[in-house]
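Here are my notes on the structure, set out as numbered points for you to follow alongside the coordinates.

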Amino acid sequence: MRKTLLALATSLLFISIATAAPGAVRCGKLLDVRAGHLLSDQVVVFDDSGNITAVGPAASTKLPAGVSAIDLSLVTCLPGLIDVHTHITADPAASGYQGLGISVPREAVTGVKNARITLHAGFTTIRNVGASGFTDVAVRDGINDGEIEGPRMLVSGPPLGITGGHCDNNLLPAEYHNKAEGVADGPWAARAKVREVIKYGADVIKVCASGGVLSKGDQPGTPQYSFEELQAIAAEAHKLGRKVAAHAHGTQSIKDAINAGIDSIEHSSLIDDEGIALAKQHGTYLDFDIYNDDFILQEGAKAGMLPESIEKEKKLGRLQRENFRHAWEAGAKMAFATDAGVYPHGDNARQFAKMVEWGMKPIDAIQAATINAADLLGWAGKVGTIEPGHYADIIAVNGDPLSNVRVLESVRFVMKGGVVVRNDTASK
Ligand SMILES: [Zn+2]
């Protein structure tokens, strides 16, 4: 019996994770994310390595011998979406003290589940910025080896932080000697920590520059790492070919992180005019997670979030949204970043409507989740647009996302690297 179940499970696994073969999709509409307009009746052709070889009008684009196109003539195709700030191994229902009961292996299993959910929601690439025990490295590798289903992932492993800071764990008293794996104080210890997380598989470095909302005993507006420490982390990471994402809510920490050469500011909540000007001058991406405020205020207490966290969010949420609008109007570069794991995985696309509500046009928000995100990741030649040489990462929705960005919340078709992940275009 056990053997039969195992065989069944294994065969199901192989059914869901097929390998690529040459193929094509025929799109009734196709969103050109660079130009910001819809093209009609287009064909996208890809090869057996899952790379796009041709895109053009259906009438004039030749299909390879033996290939018939998947019919997406009633829907709108666009590139697979990218979220540059996720915690794929985090369970949004187990915050605060509830999280202390979750082992590292259990967290990895949660990551396996959420990687699939995220991919099925149309996010074919994510940047995971913070996980315990290198669980995100394990999930990434399982996906890349074809053992489990999930998006392309860039991962950070444990986030770097100061003792007692946002990226430490401050829930237990001293006799438990509980310290998060990413804690490192002082420039050289921080450099050593960068080397260590890279040794164990990090593609990107995550650092906590300021206090945070979901941590105990600190304030989002207060600096944590010093400028010297941030500079050391950025220099070491860049020397070793990795970009750095800095968690920074606070006005001063945002400036310190930008001046230190860090590549993206996560949250960016209390950014001021000087910070926005610095970001523009340095080409630093500002990643505002402006959806999850609603979830934290409505569901956070149930999920175990500390009362102090809910209070901090009440003070911060609206200011962050106002500063998002301000920074966008001032011309700062932005990528789509949601902090998935604070709210349920798979709801990532709900942030599009918030970005539109707070000042973007739908195409701006879509560009943040495609070409801008790809640029921030350093994957501009691979993901973020539907064009030759890129992975055939294609999603499809009903209707026109340029007039109603909320159609992205109900993705009907997902393809990753030429392999169909889901296709619900036939159902209403
Ligand atoms: Zn985060």
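1. Contact, as used below, means heavy atoms within 4.5 Å. The model is a predicted one. With that meaning of contact, and not counting residues up to four places away in sequence, Thr-385 touches Val-33, Arg-34, Pro-79, Ile-371 and His-390.

2. Thr-385 belongs to the loop between α12 (371–377) and β12 (394–397), and its relative accessibility of 5% is under the 20% limit, so Thr-385 counts as buried. The side chain of Thr-385 makes a polar contact of 3.2 Å with that of Glu-387, and another polar contact, of 3.1 Å, joins the side chains of Thr-385 and His-390. His-390 thus appears both among the residues that Thr-385 touches and as a polar partner of its side chain.

3. Turning to the metal site, the protein donors of the zinc ion are His-85 and His-87, each through NE2, together with Asp-339 through OD, and they lie 2.1 to 2.2 Å from the ion. Along the chain these donors follow the spacing H-x1-H-x251-D. Distant parts of the chain are linked in this way, for His-85 is in strand β5 (residues 81–86) while Asp-339 is in the loop between α9 and α10, 254 residues apart. His-85 counts as buried at 2% relative accessibility, and Asp-339 is buried as well, with a relative accessible area of 8%.

4. The search of the whole structure for aromatic pairs finds 5 of them. In the pair formed by Phe-336 and Phe-352, the ring centres are 4.4 Å apart and the planes lie at 25°, so the pair is stacked. Because Phe-336 lies in the loop between α9 (307–329) and α10 (350–357) whereas Phe-352 is in helix α10, the pair ties together parts that are 16 residues apart in sequence. Both Phe-336 and Phe-352 are buried, and with Phe-123 they form one aromatic cluster.

5. Two arginines lie over aromatic faces: Arg-152 is over the face of Tyr-391, at 3.5 Å from the ring centre, and Arg-191 is over the face of Trp-188, at 5.0 Å from the ring centre.

6. In soluble globular proteins, nonpolar side chains tend to be buried together. Here the largest nonpolar core has 73 residues, of which Ile-205, Val-207, Tyr-225, Ile-233, Ile-262, Leu-286 and Phe-352 touch the most other members. Leaving aside neighbours within four places in sequence, Tyr-225 is in contact with Leu-160, Gly-161, Ile-162, Ala-184, Ala-190, Val-207, Cys-208, Ala-209, Leu-230 and Ile-233. Apart from the largest core lies another, of 15 residues, with Val-44, Cys-77, Ala-392 and Ala-396 among them.

7. How many residues of helix α3 (residues 135–144) are buried? The helix is mostly covered, with 7 of its 10 residues buried, and these are Thr-135, Asp-136, Val-137, Val-139, Arg-140, Gly-142 and Ile-143. The cover over these buried residues includes α2 (104–120), β6 (123–128), β7 (152–155) and β13 (413–416). After α3 comes Gly-146, which has a positive phi, near 75°.

Notes:
Residues numbered from 1 in each chain as written. Predicted model: local features only at pLDDT ≥ 70, side-chain atom pairs only at ≥ 80, totals over all residues. Heavy atoms only, no water. Phe/Tyr/Trp six-rings, centres within 6.5 Å; stacked < 30°, edge-to-face > 60°. Helix = DSSP H or I, 4+ residues; strand = E, 2+ residues; numbered from the N terminus. Buried < 20%, exposed > 50% of the residue type's maximum accessible area, 1.4 Å probe, protein only. Lys NZ or Arg CZ within 6 Å of the ring centre and 35° of its normal. Donors = N, O, S within 2.8 Å, 3.2 Å for Na, K, Ca; no water. Polar contact = N/O pair within 3.5 Å; in protein donor to acceptor, adjacent residues only side chain to side chain. Core = buried A, V, L, I, M, F, W, Y, C linked by side-chain atoms within 4.5 Å.
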